[in-house]
Amino acid sequence: MAAQAEGIVLENRNIGPFYFLLDIDCEPIARVAVPGQFVMLKVPDGDRSLLRRPFSIYRCSRRFPTQTRKGGQISILYKQVGRGTLKMTDLKKNQTLGLIGPLGQGYLPPPLPSSKSIILIGGGVGIVSLVFLAEKLHAENLFVFIGGKTEHDILCARDFNRLRAHLFVATEDGSSGFKGTVIDLFFSELGRFKNDQSYYVYSCGPMAMLRRLAKGIEPNRFVCQVSLETRMACGFGACWGCVVKTTDPETPYQRVCKEGPVFPLEHIAWDAE
Amino acid sequence: MSSSIPDLSVRIGHLKLKNPVMVASGTFGFGEEFQEFLDLDLLGAIIPKGISLRPMAGNPPPRIFETEGGYVKLHRPSKPRL
């Protein structure tokens, strides 16, 4: 159940060029969040930015409350890309933040025993929600494809190494790993994976990346869920501003914030977007 | 000083509302989206988004664009059937 909650900044630190890690003490959200869900965060810049910003939950931990902490922490890994996120980089310890969350439908875990074979494909900050997922799934065979424009955009590799994942890295400029997009890399490695639906694929990244995945993957080869990134206004289904075209004739437009952000790959009308 | 709750009821045409507090159309979905954040019984009325006899898909995205201190939304929303 989502809550309108107040969070307290525990830490906000620069972890690389344009990337920041924000830890927030927010027990109402940390208590119930699942991988793939997100929060709407009000950037404290007066009334300049009316809309809250959506951020995937990177980490979520519950702990015993202390005098200074309420017992639950969420972490957001964000990239400074515009006015709102630039303002966020100024957030200081103990500063109060307005949050709504956790929101949306998270990733559906695969039924056992298929959970032993998981493929994660993340582009840019899209990899963030897949870390939370991987830590929950405890997969025996975890294959992770991470992509970015340059080596500085390769995020969370250390997290996946700790989980003993088979890690594949792609950069568009070739500064780290495979030269090309993460989807190019994934398709070049397809021969590794049996064609028997025993692998579950989860992917998050820009729409163009997910479209390439959808267009290039053989139908029914994998059970595949994708988490979409889009502009949002309310974040909880009231405004219908974040819709995506689907293959469902009954509901041709569905809300990324409410019915998503995670959808089965085949549920999205990729030609329409 | 009386502790009784004042009568805030109002009449609008045939409707009698327990108070005149209403949400503006288009800002509040169909009401149910706000159930987790607000006791809807506190409101005098909800003015929902448009409802049509047959469902309407609405316009394709993008539908929203943020501006300084506000945002613009393309106003041809998805409508469920009656």
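1. A salt bridge is taken here as a side-chain nitrogen of Lys or Arg lying within 4 Å of a carboxyl oxygen of Asp or Glu. In this predicted model, B:E66 and A:R53 form such a pair, with their closest N and O atoms 2.8 Å apart. The pair crosses between chains, since B:E66 belongs to strand β5 (residues 64–67) of chain B, whereas A:R53 belongs to strand β4 (residues 53–56) of chain A. With a relative accessible area of 18%, A:R53 is buried, because the cut-off for that class is under 20%.

2. A further salt bridge between the chains joins the side chains of A:R83 and B:E68, at 3.1 Å from N to O. Across the interface of chain A and chain B there are 3 salt bridges, while the structure holds 15 over all chains. The interface also has 7 residue pairs in polar contact, both residues of each pair being at pLDDT 80 or more. On the side of chain A that touches chain B, β1 (3–16) and β15 (253–255) of chain A each supply at least two residues. By class, that side of chain A is made up of 15 nonpolar, 4 polar and 7 charged residues.

3. As to the extent of the interface, 26 residues of chain A and 23 residues of chain B take part in the contact. The two chains bury about 2100 Å² between them, and 61% of this area is on carbon and sulfur atoms. A:F236, A:W240 and A:Y253 supply 25% of the area that chain A buries against chain B, which is more than any other three residues.

4. Within chain A, a network of salt bridges links A:R59, A:E135, A:D159 and A:R162. One of its pairs is A:E135 with A:R59, whose side chains meet at 3.0 Å, N to O. Because A:E135 lies in helix α3 (residues 128–137) and A:R59 in strand β5 (residues 59–62) of chain A, this salt bridge ties together parts that are 76 residues apart in sequence. Both residues count as partly exposed, A:E135 at 21% relative accessibility and A:R59 at 24%.

5. The same network includes A:D159 and A:R162, whose side chains meet in a salt bridge of 3.3 Å, N to O. These two residues are 3 residues apart in helix α4 (residues 157–162) of chain A, so about one helical turn separates them. Their surroundings should be read separately: A:D159 is buried, with a relative accessible area of 8%, whereas A:R162 counts as exposed at 52% relative accessibility.

Methods: Residues numbered from 1 in each chain as written. Chains lettered and ligands numbered in written order. Predicted model: local features only at pLDDT ≥ 70, side-chain atom pairs only at ≥ 80, totals over all residues. Heavy atoms only, no water. Helix = DSSP H or I, 4+ residues; strand = E, 2+ residues; numbered from the N terminus. Buried < 20%, exposed > 50% of the residue type's maximum accessible area, 1.4 Å probe, protein only. Contact = heavy atoms within 4.5 Å. Buried area = accessible area lost by both parts, 1.4 Å probe. Polar contact = N/O pair within 3.5 Å; in protein donor to acceptor, adjacent residues only side chain to side chain. Nonpolar A, V, L, I, M, F, W, Y, C, P; charged D, E, K, R; others polar.
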